[in-house]
Amino acid sequence: MRAIWSGAITFGLVNVPVKLYSATEDHDVDLHQVHDADGGRIRYQRRCEVCGKVVEYEDIDRAYADDEQTIVLTKKDLESIPQEHDRDITVVEFVPSDQLDPLLFDRSYYLEPAGKNAKAYVLLRRTLEKTDRTAVVHFALRQKTRLAALRVRGDALLLQTLLWPDEIREPDFPALDEKTRISAKEMQLSAALVESFSEDFDPSAFHDDYQEQLRTLIEAKRRAGDSLDTEETFGREESSGGQVIDLMEALKQSVERSRARKKGGAGKGETANGKTARGAADKPSSGKAGTAKTGTTKKTTGTRKKATAKKAAPQKATSQKTPARKGA
């Protein structure tokens, strides 16, 4: 695991140095779009709709558009917005854990003790366990100010970013307003049906059948020789000037530029010293983080298997996305 952020949990005079790690990962097989006639890789370019030219990433600005006007925001404009520059995960309050609606949860991260002594980390973890409380915290990550829940998972502290209240939609279905009569017999039968399906929840008993079947299909086509040469069909992407782009070099440059741009975002209800003011009514930052697939926690799909059954270890997708051409 690689830390993506480092800082400290602060509450009162207590300071707990920590490192932040992503707690989840995507297990889906990585599929590309290709031309059905020859298997050639389909690529997308950033092309300007006014001049028709392909635009390099460093020449792209951001903009807000409504029905009448487009307001262009340059990199200098965005840098002028006050941002949080400290590395604190500031505890705003401790709340009963059952008061947090699961619908608010967004992304999950593990916190690792980063100091020479983990005593403060362990003390905070045990205190949260004993009091059955969750810390509501405020911090900045990837140029956005975030609200999050700090709670215990096993022996580790878990940080779960929360959606802002105005990002939660209320159900507005006319059918919910209709009066529906349910008989006692119907309730009894329904409760019996629920009881027949009742189990203690065991996440390991569930398996993503689709991804496993997809891997089986890919391997079967490989063995049957129904494949193409990856280098020949995917080739190398070229810029508008005909210059061949080295993928690793492009990735390194992109990472360097991204790191250079990264600064903390201005916080909701932030005071002059960068801390969160309780009860502030400032409008929070909008939008989801980065390109991550945000939203409420996703449930694993697929067929439920008995907990006693041996779980088949999913095979890792091979590094060669498209295999060698038949007869090549």
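Trainee: In which strand does Leu73 lie?

Mentor: Leu73 lies in strand β4, residues 70–73. Strands here are DSSP E runs of at least two residues, helices H or I runs of at least four, both numbered from the N terminus. This is a predicted model: local features need pLDDT of at least 70, side-chain atom pairs count only at pLDDT 80 or more, and totals for chains, interfaces and linings use all residues. Residues are numbered from 1 along each chain as its sequence is written, and side-chain values use heavy atoms, leaving out hydrogens and water.

Trainee: Why does Leu73 count as partly exposed?

Mentor: Buried means under 20% relative accessible area, exposed over 50%, and partly exposed in between (1.4 Å probe, protein chains only). Leu73 is at 32%, so it counts as partly exposed.

Trainee: Which residues join Leu73 in a nonpolar surface patch?

Mentor: Tyr64, Ile71, Leu78 and Ile81. The patch covers about 430 Å². Patch residues need over 30% relative accessible area and no salt bridge; nonpolar side chains (Val, Leu, Ile, Met, Phe, Trp, Tyr) are joined within 5 Å, like charges within 9 Å. A salt bridge is a Lys or Arg side-chain nitrogen within 4 Å of an Asp or Glu carboxyl oxygen. Areas are Shrake-Rupley values with a 1.4 Å probe, and for residues only the protein chains shown count as cover.

Trainee: How do you know whether Cys48 is in or out of a disulfide?

Mentor: A disulfide is a pair of cysteine sulfur atoms within 2.5 Å. The search of the whole structure finds zero. For Cys48, the nearest cysteine sulfur is that of Cys51, 3.7 Å away, so the cut-off is not met. Cys48 has 25% relative accessibility and therefore counts as partly exposed. Cys51, at 48%, counts as partly exposed too.

Trainee: What makes β7 "mostly covered"?

Mentor: Eight of the nine residues in β7 (residues 133–141) are buried.

Trainee: Why is β7 called paired with β5, and with β8?

Mentor: Pairing takes at least two DSSP bridges between two strands. Six bridges join β5 (residues 88–96) to β7, so that pair qualifies. Seven join β7 to β8 (residues 144–153), so that one does as well. Both pairs run antiparallel. In β7, His138 stands opposite Thr90 and, on β8, opposite Leu147. β7 and β8 form a hairpin with two residues between them, and Arg142 in the turn has a positive phi of about 55°.

Trainee: Where does Leu147 find its bridge partner in β9?

Mentor: At Leu162. β8 and β9 (residues 156–162) pair antiparallel over seven bridges.

Trainee: Which strands make up the closed barrel?

Mentor: Seven, in the order β1-β2-β6-β9-β8-β7-β5, with mixed pairing.
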